[in-house]
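Let's take a walk through this model together. Have the sequence and the coordinates open, and we'll go from one contact to the next.

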Amino acid sequence: MTELPPPPPPPRLAFPPIEYGGSLLLAWQLRNKRVLIVGGGEVAAGRLRSVLEADAFVTLIAPSSNLHPEVRFRVWSDPRATSRITYHDRNFHLPSPSSPVVEDSSEPDDLEGIDVVLTAIDDVETSRKIYELAHERRIPTNVADIPPSCDFYFGSQIRSGPLQIMVSTNGKGPKLASIIRKRLEGRLEELGGKRGLGEIVERVGALRERLRERAPDVGGSLGKRRMRWMIELCDTWSLEELGELDDVMMERLLDEGWEKGGKVPSFLSMGGVRAVGRDWTGRIVEWASVDHAVHLAVGVTVGAVVSFAVCRRLMPTT
Ligand SMILES: C[C@@]1(CC(=O)O)C2=NC(=C\c3[nH]c(c(CCC(=O)O)c3CC(=O)O)Cc3[nH]c(c(CC(=O)O)c3CCC(=O)O)/C=C3\N/C(=C\2)[C@@H](CCC(=O)O)[C@]3(C)CC(=O)O)/[C@H]1CCC(=O)O
Ligand SMILES: NC(=O)c1ccc[n+]([C@@H]2O[C@H](COP(=O)([O-])OP(=O)(O)OC[C@H]3O[C@@H](n4cnc5c(N)ncnc54)[C@H](O)[C@@H]3O)[C@@H](O)[C@H]2O)c1
């Protein structure tokens, strides 16, 4: 029996070429994981903020004689952070080679129960040793400023509510990452308009949640329809329009758009108002707003008609 010939190769350039040498940028879910931070200086303060913002628990090891004021604040005074931080006022415990920590229970094991290790200390030798210990236990580790001792790098970050953006130069120029981030921040403010991109993302998130409540299916045909509907909404409404999604408009959009099937209604048909104007710098921009007077008028009219009808029914007939 003769074998079938292999299928012909796809035409060249049908798929993007692989550009080697990058990093895999991910949104790491650290919620309730335990992160060890070694060091209490300015860099540790930044690391502490970043991991707390990802809802992690933190063990921080550093002598209290040399703590950055922000670290002090988070450990002892910040009502949003203190309960998440376990602080040890000492140096990291390096087990002596003759008494491996696993066999000598009298020595502290600073890596016990740790999911991620971040070191930010002014002692390169100790940093390298901590990396080796963590590496043996396959705990992902970042040693600030020592790329060969990093399983992952930090980047320069923008945060606006649920929106996070990270700039990485893959070790080429961390200061440049910070400069590029600042430039992007300016552009993003323009892009987000009066609401801001974070608020727009928040509102779309709230709509998706309500839609999921109405159509909780996962993986089935309803789920597919729900995804197509969200894609069409995001493609046909501008960012400014999505930023106007308030409670009233969300319910109306779901009642009249989703429940009745068919196409996604336009922003204008949902009571939205679109205008082109100039912002304070004189640039021409698109504005979107909701005509609440229309919502209110419709609500009041419907309410009045209903009460009238109820009164008529309750009125004794003669
Ligand atoms: C982005 C940022 C995030 C953060 O750390 O939070 C970050 N470094 C920042 C600032 C910064 N770091 C340094 C300077 C002095 C200027 C200079 O040296 O150029 C400045 C500028 C400043 O302080 O203003 C010194 C430095 N950093 C590294 C080395 C080692 C080497 O290059 O070999 C040396 C030289 C040590 C030496 O010479 O002795 C290595 C790393 N630094 C990284 C991240 C990772 C790569 C990220 C990327 O490439 O994009 C990586 C690989 C590992 C890591 O640490 O995760 C943060 C800006 C945050 C912000 O402002 O938004
Ligand atoms: N990646 C970055 O963004 C970046 C930027 C600047 C500096 N750095 C590097 O990060 C490191 C820390 O920078 P910094 O400005 O926060 O330093 P720092 O000198 O202000 O703080 C060092 C901290 O580490 C503590 N420490 C020292 N040895 C320790 C040990 N064995 N166990 C526990 N704690 C210990 C000190 O008590 C102090 O709190 C330095 O190596 C610096 O070169 C990184």
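Start with E244: its relative accessibility is just 5%, and with the cut-off for buried set at under 20%, it counts as buried. Keep in mind that this is a predicted model. So what does E244 form a salt bridge with? Its partner is K194, and the closest N and O atoms of the two are 3.4 Å apart. K194 sits in the loop between helix 4 and helix 5, while E244 sits in the loop between helix 7 (239-242) and helix 8 (247-258), so this pair ties together parts that are 50 residues apart in sequence.

Helix 8 brings us to another such link. D255 and R214 form a salt bridge, with 2.9 Å between the closest N and O atoms. Since D255 belongs to helix 8 and R214 to helix 5, the contact ties together parts 41 residues apart in sequence. Unlike our starting residue, these two aren't buried: D255 is partly exposed at 39% relative accessibility, and R214 is partly exposed as well, at 28%.

R214 has another salt bridge, this one with E259, and here the closest N and O atoms are 2.8 Å apart. That pair links distant parts of the chain too: R214 is in helix 5 and E259 in the loop between helix 8 and strand 8 (272-278), 45 residues apart. E259 has 46% relative accessibility, so it goes down as partly exposed. Zoom out a bit and you'll find that salt bridges with shared partners join R210, R214, D247, E251, D255 and E259 into one network. Over the whole structure, a search turns up 21 salt bridges.

Now for the annotation around here. An unreviewed UniProt entry places "domain: Siroheme biosynthesis protein Met8 C-terminal" at residues 197-261. That span is 77% helix and 0% strand, and its end C-alpha atoms lie 29 Å apart. Helix 5 (residues 197-214) also holds L207, which is buried because its relative accessibility is 0%. The C-alpha atom of L207 is 24 Å from that of R31, a residue 176 positions away along the chain.

Step back to helix 4 (residues 174-192), where I179 lies. Is I179 buried or exposed? Neither, quite: with 41% relative accessibility it counts as partly exposed. Together with L176, I180 and L184, I179 forms a nonpolar surface patch with about 320 Å² of accessible area.

The unreviewed UniProt entry also gives "domain: Siroheme synthase central" for residues 161-185. This stretch is 48% helix and 20% strand, with its end C-alpha atoms 14 Å apart. Strand 6 (residues 156-160) and strand 7 (residues 163-167) pair in the antiparallel sense through 5 bridges, and R159 stands opposite Q164. These two strands make a hairpin with 2 residues between them, and G161 in the turn has a positive phi of about 60°.

Last stop: the open sheet. It has 5 strands in the order 3-2-1-4-5, with parallel pairing. Strand 3 (85-88) and strand 5 (141-143) stand at the edges with a single partner strand each, so one side of each has no neighbour in the sheet. Neighbouring strands are turned by 15° against each other on average, ignoring direction. Strand 4 (residues 116-119) is joined to strand 5 by 3 bridges, and V117 has T141 as its bridge partner.

Notes: Residues are numbered from 1 along each chain as its sequence is written. Chains are lettered from A and ligands numbered from 1 in the order in which they are written. This is a predicted model: local features need pLDDT of at least 70, side-chain atom pairs count only at pLDDT 80 or more; totals for chains, interfaces and linings use all residues. Side-chain values use heavy atoms; hydrogens and water are left out. Two strands pair if DSSP finds at least two bridges between them. Helices (H or I, at least four residues) and strands (E, at least two) are DSSP runs, numbered from the N terminus. Axes are lines fitted to C-alpha atoms, for helices over the stretch in contact, and angles run from 0 to 180 degrees between N-to-C directions. UniProt positions are given in the numbering used here, feature names are shortened, and annotations may be inferred rather than shown by experiment. Patches are made of residues with over 30% relative accessible area and no salt bridge: like charges are joined within 9 Å, nonpolar side chains (Val, Leu, Ile, Met, Phe, Trp, Tyr) within 5 Å. Accessible areas come from the Shrake-Rupley method with a 1.4 Å probe; for residues, only the protein chains shown count as cover. A salt bridge is a side-chain nitrogen of Lys or Arg within 4 Å of a carboxyl oxygen of Asp or Glu. Buried means under 20% relative accessible area, exposed over 50%, partly exposed in between (1.4 Å probe, protein chains only).
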